[in-house]
Amino acid sequence: MLPHRLSRISVAILMSVAFVMFVLIARLDGRAVSVSMYTHSVHQPSANDIAKVSEQWAREWKAKNLDALIALYAEDAVFMPATGSRVTGRAEIRELFEKALAVYTSDLQVHSKVTEESGDLAYDSGEYDEMGNSGGVKRSGRGNYLMILRRDRQNQWRIVQHMWTDVPKGGQSLQH
């Protein structure tokens with residue numbers, strides 16, 4: 001009878017230990033998941049964070065701060081100006097912007113309309129108004145922009161695709 005009783009006690013103890021282990025693992029696993037989810041959500045950008053990249057771009061453009069402007073782009077970025085051309089890579093974008101900023105002064109305002117992100121990709125789409133001066137000739141313009149961003153290994157958003165369109169003079173006015 002003693003061996004049978006020890007067997008029941010052993011089984012009861014083992015089941016109790018298994019149950020306690022299961023509860024502890026479930027609690028620890030749940031705690032790890034919630035910490036991970038909390039940590040992950042802290043790093044998730046809001047729509048405002050994504051739109052701020054476009055606002056920073058406009059500030060750097062107005063300030064003619066070429067290095068800071070180019071730092072916003074990924075190495076493999078593509079810039080598509082309103083002319084319809086395609087400029088590929090940071091070096092080519094830098095060359096284009098350097099030439100433009102040497103002769104052009106801008107007061108650019110961007111107005112983000114739609115932002116969204118999914119994982120390591122995001123976009124900001126909006127409108128712009130610009131007053132510019134090149135060689136004493138003043139120019140005003142307005143149009144639309146689209147920035148597609150990708151999070152890099154340092155968790156920074158970098159522009160990978162950037163497009164501008166102009167609204168022709170006399171064209172439909174943009175609504176803000």
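Guide: Helices (H or I, at least four residues) and strands (E, at least two residues) are DSSP runs, numbered from the N terminus. On that basis the protein chain has four helices and six strands, arranged along the sequence as α-α-α-β-β-α-β-β-β-β. The model is predicted: local features need pLDDT of at least 70 and side-chain atom pairs pLDDT 80 or more, whereas totals for chains, interfaces and linings use all residues. Residues are numbered from 1 along each chain as its sequence is written, and side-chain values use heavy atoms, with hydrogens and water left out.

Visitor: In what order do the six strands form the open sheet, and what is the pairing?

Guide: The order is β2-β1-β6-β5-β4-β3, and the pairing is mixed. The edge strands are β2 (87-88) and β3, since each pairs on one side only.

Visitor: What makes β3 and β4 a pair of strands?

Guide: Two strands pair if DSSP finds at least two bridges between them. β3 and β4 run antiparallel and are joined by 14 bridges, so the criterion of at least two is met. Among the bridge partners, S106 is matched with G132 in β4. These strands form a hairpin with two residues between them, where G119 takes a positive phi near 65°.

Visitor: How many bridges join β4 to strand β5?

Guide: β4 and β5 (residues 137-151) pair in the antiparallel sense over 14 bridges, and E130 has G141 in β5 as its bridge partner. This hairpin also has two residues between its strands, and G135 in the turn has a positive phi of about 60°. β5 is in turn joined to β6 by nine bridges, again antiparallel, with R150 standing opposite R158 in β6.

Visitor: Why does W57 count as buried?

Guide: Buried means under 20% relative accessible area, exposed over 50%, and partly exposed in between (1.4 Å probe, protein chains only). W57 has 3% relative accessibility, so it counts as buried. W164, at 10%, is buried too. Over the whole protein chain of 176 residues, buried residues make up 28%.

Visitor: Why is Q161 called partly exposed?

Guide: Q161 has a relative accessibility of 24%, so its value falls between the two limits of 20% and 50%. Q161 is placed in strand β6. L146 is 15 residues from Q161 in sequence and 7.8 Å away in space, C-alpha to C-alpha.

Visitor: Why is the aromatic pair of W57 and W164 called tilted?

Guide: Rings of Phe, Tyr and Trp (its six-membered ring) pair if their centres lie within 6.5 Å; planes under 30 degrees apart count as stacked, over 60 as edge-to-face and the rest as tilted. The structure holds eight aromatic pairs. In the pair of W57 and W164 the centres are 5.5 Å apart and the planes 45° apart, which is tilted. W57 lies in helix α2 and W164 in strand β6, so the pair ties together parts that are 107 residues apart in sequence.

Visitor: Why is the pair of Y128 and W164 edge-to-face?

Guide: Their ring centres are 4.6 Å apart and their planes stand at 75°, so the pair is edge-to-face. Y128 belongs to strand β4 and W164 to strand β6, so parts 36 residues apart in sequence are tied together. Both Y128 and W164 are buried. One aromatic cluster is formed by W57, W61, Y73, F79, F97, Y128, Y145 and W164.

Visitor: Which residues have the most contacts inside the largest nonpolar core?

Guide: They are W57 and F97, in a core of 27 residues. A nonpolar core is a set of buried Ala, Val, Leu, Ile, Met, Phe, Trp, Tyr and Cys residues joined through side-chain atoms within 4.5 Å. Among the elements that each supply at least two residues of this core are α3 (66-71) and β1 (73-80); α2 gives the most, with five residues.

Visitor: Which residues are the closest to the centre of the largest pocket?

Guide: About 430 Å³ of space lies in this pocket. Of its 16 lining residues, W61, F79, P81, E130 and W164 are the closest to the centre. The largest share of the lining, three residues, comes from α4.

Visitor: What makes it a pocket?

Guide: On a 1 Å grid over the protein atoms alone, a pocket is an open set of points where a 1.4 Å probe fits, with protein on both sides within 12 Å along at least five of seven lines; lining residues have an atom within 4 Å of a point.

Key:
Points joined across faces, edges and corners; volume = space filled by probe spheres on them.
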